[in-house]
Amino acid sequence: MKLVPLGDRVVLKQLVAEETTKSGIVLPGQSKEKPQQAEVIAVGPGGVVEGKEVKMEVKVGDQVIYSKYSGTEVKLDEEEFIVVKQSDILAVIEA
């Protein structure tokens, strides 16, 4: 199956959290917070959303930082995704 976002929505796959801190301390599974970094898996077409022209500024493969309490979590074929509006994406991570 394939997830195809509509309008100004973007499908994200959360990046795996670090298991150890920079100083080498191993974090137990429940104590770490989910990272707000994700990879863009699919991008909607944009267009007119709520009366305003929306140009999609992210593309598939981009790594982004998104707002902490945004989006809808979706499980598809045993994989977890997050569907957010483009406006919930705060920044694109450039190497």
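**Close-up views of a predicted all-strand model**

**View 1. Surroundings of Val11 in strand E1.** Beyond the neighbours within four places in sequence, Val11 is in contact (heavy atoms within 4.5 Å) with Leu3, Pro5, Glu39, Val40, Ile41, Ala42, Phe81, Ile82 and Val83. This is a predicted model, in which local features need pLDDT of at least 70 and side-chain atom pairs count only at pLDDT 80 or more, while totals for chains, interfaces and linings use all residues. Residues are numbered from 1 along each chain as its sequence is written, and side-chain values use heavy atoms, with hydrogens and water left out. Val11 belongs to strand E1 (residues 9-14), where strands are DSSP runs of E with at least two residues and helices are runs of H or I with at least four, both numbered from the N terminus. Because its relative accessibility is 1%, Val11 counts as buried (under 20% relative accessible area, against over 50% for exposed and in between for partly exposed, with a 1.4 Å probe and protein chains only). The C-alpha atom of Val11 is separated by 9.6 Å from that of Thr72, which stands 61 residues apart from Val11 along the chain.

**View 2. Lys13 and the ring of Phe81.** Lys13 lies over the face of Phe81, 5.5 Å from the ring centre; the criterion is NZ of Lys or CZ of Arg within 6 Å of the ring centre and within 35 degrees of the ring normal.

**View 3. The loop between E6 and E7.** Asp77 is located in the loop that runs between strand E6 (72-76) and strand E7 (79-85), and Glu78 lies in the loop between E6 and E7 as well. Neither a phi near 50° at Asp77 nor a phi of about 65° at Glu78 belongs to a glycine, and both values are positive. Asp77 counts as partly exposed because its relative accessibility is 48%, whereas Glu78, with a relative accessible area of 70%, is exposed.

**View 4. A nonpolar patch at the surface.** Ile65, Leu90 and Ile93 make a nonpolar surface patch of about 250 Å², with areas taken from the Shrake-Rupley method. Ile65 is placed in strand E5 (residues 63-66) and, at 30% relative accessibility, counts as partly exposed.

**View 5. The whole chain as context.** The protein has 0 helices and 8 strands, and 27% of its 95 residues count as buried. Among contacts between residues at least 6 apart in sequence, 65% join residues at least 24 apart. About 6900 Å² of the protein is exposed, and carbon and sulfur atoms supply 53% of that area.

Technical notes. Patch = residues over 30% accessible without salt bridge, like charges linked within 9 Å, V, L, I, M, F, W, Y side chains within 5 Å. Areas by Shrake-Rupley, 256 points an atom, 1.4 Å probe, with all protein chains shown as cover. Salt bridge = Lys/Arg side-chain N within 4 Å of Asp/Glu carboxyl O.
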